[in-house]
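Thank you all for coming; I would like to use these few minutes to walk through one assembly with you, beginning with its symmetry and then turning to a single strand. Please have the sequence and the model open as I speak.

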Protein chains: 4
Amino acid sequence: MSDRIRVALIGFGYWGPNLLRNFAEIEDAEVKLVCDPRPDLARRIGARYPSVELVGRFEDVIARTDIDALVIATPPQCHAPMGMAALESGRHVWIEKPLATSVRDAERLANKAESRGLTLFVDHTFVYTGAVRKMRELVTTDEVGKVLYYDSVRVNLGLVQSDISVLWDLAVHDLSIMDYVIGAKPVSVSALGVSHVAKDAPASIAYLTVFCEGGLIGHCHVNWLAPVKIRRTLIGGDRRMIVYDDLDSNFEIKIFDSGVDLDSNDLKVNYRAGDVRVPRLDRTEALARASRHFIDAIRRGAAPLTGAAAGIRVVQILEAAERSLARQGAPISLEPVS
Amino acid sequence: MSDRIRVALIGFGYWGPNLLRNFAEIEDAEVKLVCDPRPDLARRIGARYPSVELVGRFEDVIARTDIDALVIATPPQCHAPMGMAALESGRHVWIEKPLATSVRDAERLANKAESRGLTLFVDHTFVYTGAVRKMRELVTTDEVGKVLYYDSVRVNLGLVQSDISVLWDLAVHDLSIMDYVIGAKPVSVSALGVSHVAKDAPASIAYLTVFCEGGLIGHCHVNWLAPVKIRRTLIGGDRRMIVYDDLDSNFEIKIFDSGVDLDSNDLKVNYRAGDVRVPRLDRTEALARASRHFIDAIRRGAAPLTGAAAGIRVVQILEAAERSLARQGAPISLEPVS
Amino acid sequence: MSDRIRVALIGFGYWGPNLLRNFAEIEDAEVKLVCDPRPDLARRIGARYPSVELVGRFEDVIARTDIDALVIATPPQCHAPMGMAALESGRHVWIEKPLATSVRDAERLANKAESRGLTLFVDHTFVYTGAVRKMRELVTTDEVGKVLYYDSVRVNLGLVQSDISVLWDLAVHDLSIMDYVIGAKPVSVSALGVSHVAKDAPASIAYLTVFCEGGLIGHCHVNWLAPVKIRRTLIGGDRRMIVYDDLDSNFEIKIFDSGVDLDSNDLKVNYRAGDVRVPRLDRTEALARASRHFIDAIRRGAAPLTGAAAGIRVVQILEAAERSLARQGAPISLEPVS
Amino acid sequence: MSDRIRVALIGFGYWGPNLLRNFAEIEDAEVKLVCDPRPDLARRIGARYPSVELVGRFEDVIARTDIDALVIATPPQCHAPMGMAALESGRHVWIEKPLATSVRDAERLANKAESRGLTLFVDHTFVYTGAVRKMRELVTTDEVGKVLYYDSVRVNLGLVQSDISVLWDLAVHDLSIMDYVIGAKPVSVSALGVSHVAKDAPASIAYLTVFCEGGLIGHCHVNWLAPVKIRRTLIGGDRRMIVYDDLDSNFEIKIFDSGVDLDSNDLKVNYRAGDVRVPRLDRTEALARASRHFIDAIRRGAAPLTGAAAGIRVVQILEAAERSLARQGAPISLEPVS
């Protein structure tokens, strides 16, 4: 490995400029090239990053000898084939969420990375925000108590995609947050949705429910056709409750010293409403923290926070959700992931 | 019938004072009595309404000869038996939502009222608000276009009830609004939920989905254990979209001239974001309008807006939802109501 | 004095029904009559409160022998003459804000009440809210530290009055809150405003600034012509800051552990932004607490929280403000009130 | 003039990166250098813009022969001397707001630019936002009717500056917006404020009132010590009213079809509350539009929208405001600007 980790950025769509900017600012990393078939990007990238090369074909990147790590930000269907090619050629890999579009592919990536001793990182970006980290802290230190439910709404007027459903685009965020913050073991999944483009097109609005061990219920509403942008999550604990509003920059996380006191003897339930606290959050850009973490994981050979295991867990739920969705919400049991 | 319609109010719980106040203000109606077993209510009611009698037993109300109409505001389980007794004794009946706790009971009430030529009214209160009436106007005049989805969140830190689920307490509102505003024909229902009191207790958090003819999907999230009160509905049409926030007194209804332009040939979807309009609403208290409407329906012998048919449609969905909920969301087909 | 304190309510405008309802619910008080020249009120009041008499002329109330206390809710110009007549006839007096329309009148009322040993209460209602009481607690326990400024906006689309300016209608609330919460000694006053009705009509929009001892600056913006209702106060302390939003029922008081750290040596100023806390507030209706407090003050012969002294302090500022307003904001010094 | 207009950016503080980024993206302009005394900026600027030189001394920039225009983003005290030097050496000049710290200096700049036939631009950035442009359209097309008042709050927890008051830092924005949107002729100014750093330090909180011809009153509250960020402007017209909230990205401009109907005969005032409309805004970055406009003005030799005249008008009010502030709000008459 060279002194600085040499990075190739694969795909330069919506998220590409953010990836480029963040990796460019890491001292011991160096962005060597961007791989994208559109030749007109050369001028745009060159104006800001003259040392970054534009390469048109992925095969040419694989053939290079001056690349240590690939950052793959292409459509989900390409994650597995490109990730496999990269790992097989001995490169560390960062893959945008979701890790793959099937559990089988995700597991193949995981196995390959493990057998080759390479770092495999999935960009569950929200895990690296100050807000989500604070929520995990509140759950793990038992401030929230036993978590009863996780409910999220993530809707906006967005780009309707024709090849994947809104689950793979939006619910993947909620599942990765829930996986990190709560860490509950999912038991079964139910999903409902419809497409507004054509009868059999991928769902553009969907409702996903995850039943977990211990009775916890997780639910998210994802929607590309909402007139307003809403990103609000409620976490109900038996001690405290959290409201997380990603769009309320002043009061992103609110902790309610409120809840219900369950008296299991007589089934009487009393509620209690107390103070609310808005904790000060670390405002570091999530992608800055994530890219730094990826480079560190490569250097230290340590498993990243959002590695193959987290990636597989999320894909497993999404895969089951698509099957449930095809059966109008019939619950699908989840096998324990190996 | 006497010159003024003589009303007996059955049950004086949370909603009782509002019913009493509103019926007391109708010129051609007269509240003769409140029926409630708690003797200490006499002083409280008498202080404000000295001419209103307190009667302890329901049977004694039925036996009276000076009562034309019963306003039944007791727990849902009592709606059918009390309603039947009232109809059988020849009285017009107002029943708080839901009309009954089963379709069978609801239909028996409907049949009895019809055969006796009596008015049967179910208090789907929201139907009488300026906001909901405005939404119906926007849908029926085709301003919204084809309705694609109806999504509602109705949560707060509320009184957890031990004998009925949150569906019968809260989702009933959303179903009655959806029935009135959209008027779509439901085809199947899926519901998920859990109790946080005891494993087999009625659900305190639930998600209800209604699939309707034409592909419309309706969904509501109801929850007694939320730290904040949210009452927000999104209606997505292919022309315009509506956000209805019952708690935002300044901007209750927002109409977005936004949406998606579906090109069914190439499955390309473009979105369009335009102006937003906040219409001025009629601020008449819903219950004032509803009680006035009930008295008028009696006088004219006309079917009320929220009569037996609306009541049955809502109960049918709730009943199916409970069955789906017991099977973790398995979809339940709805038979056409006779 | 009779066993129950017998109250006469003078004036039955916007605030009248609230006063009647609250005094009617006090066990050891009894509302004997409402005095208002509109005969049609008889039916409206009688329907709810059949034992309450309607009296047309104020003189007839004064002449009665069965009245212990007068609650005066007439236009401000009537406060002093009616209050004096009531005190001279030996009655305790509650006067709506402002106590009077001049310091001279306010002092005459105060002297009369004192010489006769009667209770004189001015209805600075906000002082009796949970939010304002909490703010006083935060200031007096030094949580806020040294108060640097008090800034309030109280605007809406309101009833433009032709005989008094918006200062006497709206700023009176802010001054009474500031007087109670901060208790700073005002030194000079500046006010600016214009009328939008006619050049010389009383101001319908005004800005009032109070300079206090110790450098504290108080400011309020009051406006009858604003398209939205805003009632927001900022209190800046050198330890913590408060945002009080009377219309945000969930987060009425927010305490910011934020501020500036002043280093007086090198004039460097650093700011610090920490957690925010939303304290749980007592939700008792302010007028219930105020009316109860008035009756208790009469019984115990104790000075009420908002008695003559508070009333005079507020009127003094309003009087000076009108003088400043006539001179386009020229500052007016305040003499210490005797 | 070379084919592309060659720009030197003077000062690289808070606003510098935004200026650099925007000017770098203009096709027919070229950023040749940044002038800033901090040598460590070389690496930071070079990483992104390797063709941009870092020059330490302003004199060296003036001595260059390859510069057509200077973009001056230094502290306000430097605006006049640097602007004069630039104009005298024949360069076009962009100056950050305020144009200068005195009317005399501002007029000297204006005269110099005029006599040399050079473009002088002052960066009243908000004038180039979609929101402010929409407001001007609403006022000039008479949708708003006669403007009665302009009220703005612009507060946050900001960097307290030791050499200029908060007026020159924040109120300058409101004055430039008001100047552009309303275009009313100011007649007199009153300002109040205090410093919380030291008794005689520049004000850190201030209230500024501008009386204009025709009775219009403009007011702004500016504050570096507020716990929350508020940027809200109310514009009251006799036909419609506007609420402009710079921080509400979804509903930045709200147009209220509400107001007061003044009947000047009997001084009766009725209010009317109608629909609200939220217009869709152009989302182009203000600085992109402003920098483009500056380059175009140079090319065409045309007066820019925010040229010397607008800059002088704003400085005149700020200068008068400081004098009023020193006399606790005593009103200061404004001489017509030549």
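Chain A is superposed on chain C by a rotation of 180° with 0.0 Å of shift along its axis, at an RMSD of 0.0 Å, the fit being by least squares on the C-alpha atoms of residues with pLDDT of at least 70 in both copies. The two copies are thus related as by a two-fold rotation axis, and within chain A the C-alpha nearest that axis belongs to Arg277(A), at 2.2 Å.

I should say that this is a predicted model, in which local features need pLDDT of at least 70 and side-chain atom pairs count only at pLDDT 80 or more, while totals for chains, interfaces and linings use all residues. Residues are numbered from 1 along each chain as its sequence is written, and chains are lettered from A and ligands numbered from 1 in the order in which they are written.

Now to chain D, and to strand β4, residues 69-72, where strands are DSSP runs of E of at least two residues and helices runs of H or I of at least four, numbered from the N terminus. Ala69(D) and Val71(D) point one way from β4(D), Leu70(D) and Ile72(D) the other way, and all are buried, meaning that 20 or more other C-beta atoms, placed from the backbone, lie within 10 Å of the residue's own.

Which strands pair with β4(D)? Strand β1(D), residues 5-10, does so in the parallel sense over four bridges, with Val71(D) as the bridge partner of Leu9(D), and β5(D), residues 92-96, also runs parallel to β4(D), joined by four bridges; pairing requires at least two DSSP bridges.

Conventions. Buried ≥ 20, exposed ≤ 12 C-beta atoms within 10 Å, placed from the backbone.
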